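Let's take a friendly walk through this model, one region at a time. Keep the sequence and the structure open beside you as you read.

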Amino acid sequence: MTTTDPHTDAYEGIDDLTVGLDGGVLTVTLNRPDSLNSLTAPMLQTFASTLERAANDPRVRVVRIGGAGRGFCSGAGISEEDHANPGASGTPADVLDAANRCIRAIAALPQPAVACVHGAAAGVGVSLALACDVVLASEKAFFMLAFTKIGLMPDGGASALIAAAVGRIRAMRMALLAERISAAEAYGWGLVSAVYPADDFAAEVDKVVATLVSGPAVALRKTKNAINAATLFELDGALELEKTGQLVLLESADFREGTKAFQQRRAANFTDS
């Protein structure tokens with residue numbers, strides 16, 4: 001877990017979530033590359049604790065969020081391994097609560113948060129990216145709200161975050177149809193801040209982060225607060241509505257069938273129950 005004194009101690013992560021502070025940049029990396037960085041409750045709890053601490057740490061000027069391996073984040077863990085170890089990974093309800101805490105922590109950060117999406121961003125991984133203030137994507141990135149494919153609804157504040165970025169109709173398209181949205185299409189919609197060639201991605205991200213680190217911190221913080229106040233005023237309400245609906249859906253036969261079908265790589269046979 002993270003240490004306690006925000007002004008003097010080093011940041012510490014866990015095996016599945018690496019954290020480091022260097023030159024004013026707090027880098028948080030999702031580190032489950034074998035599952036495209038699917039999320040567990042411990043990962044999200046550590047993530048939230050880190051951001052809550054960073055919010056009051058004058059050493060942190062920018063928070064940079066990314067994923068190890070080929071993807072950014074594939075969403076909440078629903079693999080057989082995750083389900084076989086609920087004590088270690090957390091129940092689905094635990095993951096939902098931890099994800100909501102994490103989204104709130106990102107949005108509440110006074111410092112700019114930069115999402116670095118170099119591959120897949122799916123499920124609540126989309127919410128993690130869009131809760132950030134600057135969303136940078138590689139040309140190989142894509143975004144997908146896959147919840148309805150397993151009998152669930154979007155969560156992690158996606159209802160508010162996506163609608164705030166791209167409007168109601170495109171948010172409905174992503175949420176209801178569960179389509180894969182390419183980086184180029186996401187940029188055209190206004191879902192991401194910029195798209196870069198894969199070979200140039202790391203260098204371009206470094207440039208953006210350097211600009212923010214060297215910028216006027218007080219002005220950046222006040223700007224972020226004003227824009228979020230104008231656009232994300234429905235975030236808390238969306239998180240609560242999503243939680244209420246998702247907890248019902250997590251107990252449904254359709255969710256059990258959806259996860260089984262996902263694991264067996266077949267089409268789900270939903271019964272609306």
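Which residue stands opposite A137 in β9? The partner is V195.

## Before we start

This is a predicted model, in which local features need pLDDT of at least 70 and side-chain atom pairs count only at pLDDT 80 or more, while totals for chains, interfaces and linings use all residues. Residues are numbered from 1 along each chain as its sequence is written, and side-chain values use heavy atoms, leaving out hydrogens and water.

## The six-stranded sheet

A137 and V195 belong to a pairing in which strand β6 (residues 134–138) and β9 run parallel, joined by three bridges. Helices (H or I, at least four residues) and strands (E, at least two) are DSSP runs numbered from the N terminus, and two strands pair if DSSP finds at least two bridges between them. The wider setting is an open sheet of six strands in the order β1-β2-β3-β4-β6-β9, with mixed pairing. At its edges stand β1 and β9 (194–196), each with a single partner strand, so one side of each has no neighbour in the sheet. On average, neighbouring strands here are turned by 20° against each other, direction ignored; axes are lines fitted to C-alpha atoms, for helices over the stretch in contact, and angles run from 0 to 180 degrees between N-to-C directions.

Helix α1 (residues 41–54) packs on this sheet and touches β1, β2 and β3 (62–67). Its direction makes about 175° with that of β2. Contact here means heavy atoms within 4.5 Å.

At the β1 end, strand β1 (residues 17–22) pairs with strand β2 (residues 25–30) in the antiparallel sense over six bridges. D22 stands opposite V25 in β2. The hairpin of these strands has two residues between them, and G23 takes a positive phi near 60° there.

## The three-stranded sheet

Another open sheet has three strands in the order β5-β7-β8, and its pairing is mixed. The edge strands, β5 (120–122) and β8 (180–182), each pair on one side only. β5 and strand β7 (residues 142–144) pair in the parallel sense over three bridges, with A120 opposite F142 in β7.

## Two helices that cross

How do α6 and α7 meet, and at what angle do their axes cross? The axes of helix α6 (residues 158–166) and helix α7 (residues 168–177) come within 7 Å and cross at roughly 135°. The two are therefore oblique to each other (under 35 degrees counts as roughly parallel, over 145 as roughly antiparallel, 65 to 115 as roughly perpendicular and the rest as oblique).

The contact is made by I162, A163 and V166 of α6 together with R170, A171 and M174 of α7.

## Three single residues

A178, in the loop between α7 and β8, has a positive phi of about 55° although it is not a glycine. Its relative accessibility is 4%, so A178 counts as buried (buried means under 20% relative accessible area, exposed over 50%, partly exposed in between, with a 1.4 Å probe and protein chains only). R265 also has a positive phi of about 55° without being a glycine. R265 lies in the segment after α12 (253–264) and, at 79% relative accessibility, counts as exposed.

L220 is found in helix α10 (residues 217–231) and counts as partly exposed at 23% relative accessibility. The C-alpha atoms of L220 and Q111 are separated by 7.4 Å, although these residues are 109 residues apart along the chain. Leaving aside neighbours within four places in sequence, L220 is in contact with P112, L212 and G215.
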